[in-house]
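Reader: Please give me a careful look at the aromatic rings around one part of this protein, with the geometric criteria stated so that I can check them.

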Amino acid sequence: MTSRERVRKAINHQKPDRIPLDLGSTMTTGIQASPYAKLRKALGLKDKPVKIIDPYQILAEVEPEVREKLGIDTIGLWLPTNIFGFKNESWKPWRLFDGTKVMVPGKFITTIDDKGDIYIYPQGDISAPPCARMPEGGYYFDVIVRQEPIDEKNLNPEEWAKQQFSVFSEEILKYLEKKTEELYKNTNLSIVGEFIDAGFGDIALVPGPSVKHPRGIRDPKEWYLAHILHPEYIKEIFEYQCETALRNLELSYQAVGDKIDVIMVSGTDFGSQNGPFISPDMYRKFYKPFYKKINDWIHTHTPWKTFYHSCGSVFAFLDDFVEIGVDILNPVQISAKDMDPKILKEKYGDKLVFWGGGVDTQKTLPFGNPEEVRKEVTNNCRIFGKGGGYVFNTVHNIQQKIPIENLMAMFKALQQEQ
């Protein structure tokens with residue numbers, strides 16, 4: 001099978017010739033720059049600076065030569081702009097704290113304070129307040145809350161939404177069309193769309209990392225409280241966001257058509273380590289109706305499969321996810337409460353595609369040994385891969401300081417399962 005055929009089999013709950021492998025197609029299935037540089041070396045590839053495709057999490061662009069050596073089956077179709085609101089272009093050299101040589105976009109403009117912390121700016125505009133900070137010795141950026149004093153009597157949901165979301169320009173649509181055509185013709189990889197803003201309440205976006213002067217409720221603590229204190233404000237923001245997302249789905253489908261297989265819809269987290277992050281009732285009240293609208297449009301007008309990322313223990317929401325038309329669940333956090341692979345597969349294996357869950361990135365991959373990694377990968381592949389409906393990836397992104405021996409053991413174990 002080609003990679004495209006393999007992934008299509010898997011996401012349609014059919015058994016492919018082997019378990020498909022994803023690395024780097026989305027912002028939640030990637031690898032940070034430092035372990036990526038070590039991976040290139042372990043694969044016998046030439047040493048070169050790593051291109052940072054996501055400056056927020058310092059995620060590496062996975063190159064064709066790495067995809068070929070590892071048998072990666074996917075590739076992401078991303079917007080030309082990143083989470084900080086500037087384009088990934090005009091690349092220039094930079095260094096991470098550990099010395100890893102990387103390439104960053106031209107508008108990746110930073111300042112350093114007297115403690116050694118690094119600050120980055122929305123849209124690369126240094127005249128605006130910084131939107132994120134990387135602590136001295138840190139691995140990625142933390143978004144900075146820049147909330148102004150809240151006037152609770154004059155909250156403006158339309159202003160909030162329009163600062164954050166907009167209908168795709170002709171330039172963006174032409175970019176998506178051209179890039180899709182290029183990926184479809186020049187590779188046999190399954191294309192994963194990472195370009196729709198339908199992550200209602202995605203806490204990474206609430207502070208407005210791409211907005212120069214965010215208005216309204218932007219502090220995550222205040223945001224969660226607003227679900228109770230200002231419920232109509234939250235709902236109206238979601239209404240504007242949903243309207244924009246539906247329009248962008250319509251426009252982007254005209255641009256890319258049936259050439260992509262998967263669309264990442266949401267990265268909003270609903271689970272914590274030990275249980276739901278919000279109550280199922282609150283999910284049904286605030287989120288479920290909007291996600292159903294998005295999924296209904298996608299399933300009515302396209303052959304795309306809907307990809308949902310939600311960390312933590314989300315078992316309590318899975319019936320709701322199925323009901324609204326979620327096709328793919330990621331990252332499948334097997335280390336969280338009630339997220340046992342065997343139970344997930346037995347109860348939802350014919351309803352949900354599991355994309356992730358290959359190995360625990362909290363304990364096993366960073367702190368285990370190669371044999372422990374091998375055993376966990378083997379066990380999870382045999383459970384999730386039975387009968388199809390599975391794409392291999394780690395539980396969320398591969399983080400810095402992962403021992404290269406463990407990383408190579410993971411890929412070797414996957415290959416031995418084929």
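**Rings, charges and pairs**

Author: In this predicted model, the charged end of Lys235 sits over the ring of Phe286 (NZ of Lys or CZ of Arg within 6 Å of the ring centre and within 35 degrees of its normal), 5.6 Å from the ring centre. Arg218 also places its charged end over a ring, that of Trp160, at 4.1 Å from the centre.

Turning to rings that meet rings, the structure holds 29 aromatic pairs (Phe, Tyr or six-membered Trp rings with centres within 6.5 Å; stacked under 30 degrees between planes, edge-to-face over 60, otherwise tilted). One of them joins Phe270 and Tyr287 edge-to-face, with 5.0 Å from centre to centre and 80° between the planes. Phe270 belongs to the loop between β11 (262–266) and α8 (280–286), whereas Tyr287 belongs to the loop between α8 and α9 (288–301), so this pair ties together parts 17 residues apart in sequence; the elements are DSSP runs, helices (H or I) of at least four residues and strands (E) of at least two, numbered from the N terminus.

Tyr287 also pairs with Tyr283: the ring centres are 6.3 Å apart and the planes lie at 10°, so this pair is stacked. Phe270 and Tyr287 are both buried (under 20% relative accessible area; exposed is over 50%, partly exposed between; 1.4 Å probe, protein chains only). Tyr287 has 3% relative accessibility, and Tyr283, with 1%, is buried too.

Residues are numbered from 1 along each chain as written, and side-chain values use heavy atoms, without hydrogens or water. Local features need pLDDT of at least 70 and side-chain atom pairs 80 or more, while totals for chains, interfaces and linings use all residues.
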